[in-house]
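Hi there,

Here is the structure I promised to pass along. Have a look at it first, and then read on for my notes.

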Amino acid sequence: PILDRMVAVGVPFARFALIAGFAVEIVGGLLIAFDTQRALAAGILIVFTVFATGIFHQYWRVEDPLRRHLHVSCIFSNCAIIGGLLLLM
């Protein structure tokens, strides 16, 4: 389902991007969990979160008001995640 959504949105090399995204999340999370290169890991996760938000939460393309609101809520949620990551830097 995630790969299908990425293809539908037009992400180039969607399978590679998905695997790379999972790797970034895992490695970044482990670096933060083990308090190694915390600022670098937080910065990488911030960039990843911004790109993932732009790819998956394009609310302006959604016709249904309820689904549009869901996407906007997810954007605000990701802003909060970015704020937490900024605190780790």
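**The loop between α2 and α3**

Q37 sits in the loop that runs between α2 and α3. Please keep in mind that this is a predicted model. Q37 has a positive phi of about 55°, although it is not a glycine. D35 lies in the loop between α2 and α3 as well, and its phi is also positive, at about 55°, again without the residue being a glycine.

D35 has a second point of interest: it forms a salt bridge with R38. The closest N and O atoms of D35 and R38 are 3.1 Å apart, which is inside the 4 Å limit and therefore counts as a salt bridge. How many salt bridges does the count come to? It comes to one. As for the two partners, D35 counts as exposed because its relative accessibility is 51%, whereas R38, at 36% relative accessibility, counts as partly exposed. In general, side chains of opposite charge can pair when their charged atoms come close.

**Nonpolar cores**

Which residues make up the largest nonpolar core? It consists of L3, M6, V11, A14, L18 and F56, six residues in all. The elements giving two or more residues to this core are α1 (2–9) and α2. Apart from it lies another core, this one of five residues, with A42, I46, I82 and L85 among them. Back in the six-residue core, L18 is worth clicking on: leaving aside residues up to four places away in sequence, L18 touches I2, L3 and M6. As a general point, nonpolar side chains in soluble globular proteins tend to be buried together.

**A nonpolar patch on the surface**

There are nonpolar side chains on the outside too. I2, F22, I26, V27, L30 and F34 make a nonpolar surface patch of about 610 Å². Helix α2 (residues 14–33) supplies the largest share of this patch, four residues. L30 is one of the patch residues and has its place in helix α2. Is L30 buried, exposed or partly exposed? L30 has a relative accessible area of 43%, so it is partly exposed. I2 is a name you have now met twice: it is part of the patch, and it is touched by L18.

**Cysteines**

You may want to know about disulfides before you go to the bench. A search of the whole structure finds zero of them. C74 is in no disulfide, and the nearest cysteine sulfur, that of C79, is 11 Å away. Why is there no bond for C79? Its sulfur is 11 Å from the closest cysteine sulfur, in C74, and that is too far for a bond; a disulfide needs the two sulfur atoms within 2.5 Å. Both cysteines fall in the middle class of accessibility: C74 is partly exposed at 26%, and C79 is partly exposed with a relative accessible area of 45%.

**One residue in helix α4**

Lastly, S73 lies in helix α4 (residues 65–88). S73 counts as partly exposed because its relative accessibility is 32%. S73 and Y59 are 14 residues apart in sequence, and their C-alpha atoms are 9.9 Å apart in space.

Happy to talk it through whenever suits you.

Best wishes

Key:
Residues numbered from 1 in each chain as written. Predicted model: local features only at pLDDT ≥ 70, side-chain atom pairs only at ≥ 80, totals over all residues. Heavy atoms only, no water. Patch = residues over 30% accessible without salt bridge, like charges linked within 9 Å, V, L, I, M, F, W, Y side chains within 5 Å. Areas by Shrake-Rupley, 256 points an atom, 1.4 Å probe, with all protein chains shown as cover. Buried < 20%, exposed > 50% of the residue type's maximum accessible area, 1.4 Å probe, protein only. Core = buried A, V, L, I, M, F, W, Y, C linked by side-chain atoms within 4.5 Å. Contact = heavy atoms within 4.5 Å.
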